[in-house]
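The following explanation is intended to be read alongside the sequence and the structure. It proceeds from the chain as a whole to individual helices and residues.

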Amino acid sequence: MTILNDAEKKGQTDHKDEKEEDLMDLVGGDGPWQRWLFLVILLCPIPDASHNMSMSFFAPNIDYWCAQPPNINISIEQWKAVALPAEDQHCSRYKFINISDIHEESLYHNVSNSPTISCDSWEYDDSIYTSTVLGKFNLVCDREWLISMSKSIFIAGYFVSNIIFGYLSDKIGRRPVIVLSDVIAVIAALTCAFSTSYFMFVVCRFFIAAGVLGVDNTVFVLLMEIIGPKHRSAYGMIGQCGWAVGCAILIILAWYLRDWFWIHLAITLPSIILLSSWWLFPESPRWLLTHGKTDEALKVLSRAGKRNGMYSNATEAKIKEIVSKFSKDQESKKSSSNILQLFKPGLWQRTLIIFFLWAVNGFIYYGISYNTNDLAGDQFLNFAICGLIEIPAQVITLFIIQSKGRRNPLAVSLAAAGVACLLVYIIPKDPSWISAALILAGKFCVTASFCIVYIFTAEIFPTTVRNAGLGLASVSGQMGSLASPFMRELGKTRHPLVPHIVYGVLAAAGSGLVLLLPETNNCIVPDTLQEATEINR
């Protein structure tokens, strides 16, 4: 590390003193203006989480069997006994079926040697769900892989959203992208509800994913840019509780409605409400300043100050002074929103570490989430517990990062998640509650880690490329989540301990790399590349 001479140290100290007070603190970093907007912003993660996890209830594990021909009128039990081979009642039936002489003994002693054929239609158990996507498009037997494909296509929508909307948000502003993303999400969701084919269904899901994540990411960046440094942790963490709320709402709706069509329409409602309130969102004053729109930035700051009761002639003069100096600095620095800024000297190491941390978090988070299906018990209850465990994780993390910062809690929580994963197969499975407790502990820790890295990312990247940087980081996380199912397959073919060793090693590596990042707690968010590189370790 280079040792600074006295002049360089003095220059950095002067610069720090000049920017000691954050722009938003002048008009109230935590006032009625921010709180009112926050109530609207809380809606944004809800449809994201609900649509993402909805396939668990759209295509659940339910019983199904080859359908009876329309001219046969016998009970389901009789049909299974005389027409379906005992070793495979889901995907095949006997080619020749004689039902003219059905008697009690044949129901339990079917000795037919008839050859079997594949089913061409199915009947589904409707004791739990009255209607599912599984049954609507017959996603069973040799079409069962289409369920996983639909999830991959949804994630592909995330990829596109991060790249396109991340770039547009930094280029044309936060507000237009929020509106555009939400319009796409609402149109795609309403169209999806009336899908007439599997292809139509997954294409609509692709655009739903692009829309809901575009809204979610952009409003988070907007939130970080209108909140004062001392309050970013609280708002950032509470805002992310919307994901857990979305999962909880999905569970309640699925338990009550039991019909994929009505569940889908219900989880789309928050996006419709958000669309009707788009006019409440301001443009980010930081984004306006970095793009030379000084007059518009002053209007937003003036509106915020008046709403927060912190606007006076002295405040107005101070704001204009800072804005004027900022504009001059921008002209001299020639800042632009080129995404390559993320990889310029002084920032590229931090960028790569952030991307790696997102990938590791996504990898472990979804690796644990996939294993929750192995828990014994009620499907709704298991899903609820694994989803709701995220709320205390976020609340506890909020208090920790306010006093301990971002860096050390992130390193500890990531390492703890890896240890919990590793212990799942080291500790005996009997009694079963021990394994369940470890899985929940891992979910708790990786949720905390994910929340911190989300805030950390928004505080490290400069305003000029913050949303694009967050988008690329999210892409890295999704790459990790896509790799996680393949690790489960590796565990099946090799050894169950293999994926958990990988989780532990990656978590340890990520935990160590976190310590190379600067602490950003209570720091002013950087607006330019130079400011981002000057954040002290």
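The paragraphs below consider the overall make-up of the chain, then two helix pairs, and then selected buried positions.

The model is a predicted one. Its chain contains 22 helices and 4 strands. Of the 537 residues in the chain, 53% are buried. Contacts also link distant parts of the sequence: among those between residues at least 6 apart, 80% join residues at least 24 apart. The chain exposes an accessible surface of about 24300 Å², and carbon and sulfur atoms account for 62% of that surface.

The first helix pair to examine consists of H10, which covers residues 232-257, and H16, which covers residues 379-388. Their axes come within 9 Å and cross at roughly 165°. An angle over 145 degrees counts as roughly antiparallel, and H10 and H16 are therefore roughly antiparallel to each other. The crossing of H10 past H16 is left-handed. On the H10 side, the contact is formed by Ala-244, Cys-247, Ala-248, Leu-250, Ile-251, Ala-254 and Trp-255; on the H16 side, Phe-380, Phe-383, Ala-384, Gly-387 and Leu-388 take part. Sorted by class, the contact has 11 nonpolar residues and 1 polar residue, with no charged residues. The spacing of such positions can be read against a general property of helices. An α-helix has 3.6 residues a turn, so residues three or four places apart point the same way.

A second pair is made up of H7, residues 145-172, and H9, residues 198-226. Here the axes come within 7 Å and cross at roughly 40°. H7 and H9 are therefore oblique to each other, and H7 passes H9 in a right-handed crossing. The contact of H7 with H9 has 16 nonpolar, 8 polar and 1 charged residues.

Which residues does Ser-181 touch, when those up to four places away in sequence are not counted? Ser-181 is located in helix H8, residues 174-193, and its relative accessibility is 0%, so Ser-181 counts as buried. Its contacts are with Phe-165, Gly-211, Gly-214 and Val-215. Phe-165 falls within the range of H7, and the other three fall within that of H9.

Another buried serine is Ser-271, in helix H11, which runs over residues 260-276. Ser-271 has a relative accessibility of 3% and therefore counts as buried. Apart from its neighbours within four places in sequence, Ser-271 is in contact with Pro-47, Asp-182, Val-186 and Val-212.

Further along the chain, Ala-507 belongs to helix H21, residues 497-514. Its relative accessible area is 1%, so Ala-507 is buried. Ala-507 and Asn-361 are 146 residues apart along the chain, yet their C-alpha atoms are separated by 8.1 Å. With neighbours within four places in sequence left aside, the contacts of Ala-507 are Val-360, Ile-364, Leu-414 and Gly-418.

Helix H5, residues 76-83, shows how helix and strand elements meet. Within H5, the residues Trp-79, Lys-80, Ala-81, Val-82 and Ala-83 are buried. The cover over these buried residues includes strand S1, residues 64-66, and strand S2, residues 92-94.

Note on methods
Residues are numbered from 1 along each chain as its sequence is written. This is a predicted model: local features need pLDDT of at least 70, side-chain atom pairs count only at pLDDT 80 or more; totals for chains, interfaces and linings use all residues. Side-chain values use heavy atoms; hydrogens and water are left out. Helices (H or I, at least four residues) and strands (E, at least two) are DSSP runs, numbered from the N terminus. Buried means under 20% relative accessible area, exposed over 50%, partly exposed in between (1.4 Å probe, protein chains only). Contact means heavy atoms within 4.5 Å. Accessible areas come from the Shrake-Rupley method with a 1.4 Å probe; for residues, only the protein chains shown count as cover. Axes are lines fitted to C-alpha atoms, for helices over the stretch in contact, and angles run from 0 to 180 degrees between N-to-C directions. Angles under 35 degrees count as roughly parallel, over 145 as roughly antiparallel, 65 to 115 as roughly perpendicular and the rest as oblique. A crossing is left-handed if the near helix is turned anticlockwise from the far one by less than a right angle, and right-handed if clockwise. Ala, Val, Leu, Ile, Met, Phe, Trp, Tyr, Cys and Pro count as nonpolar, Asp, Glu, Lys and Arg as charged, and the others, Gly among them, as polar.
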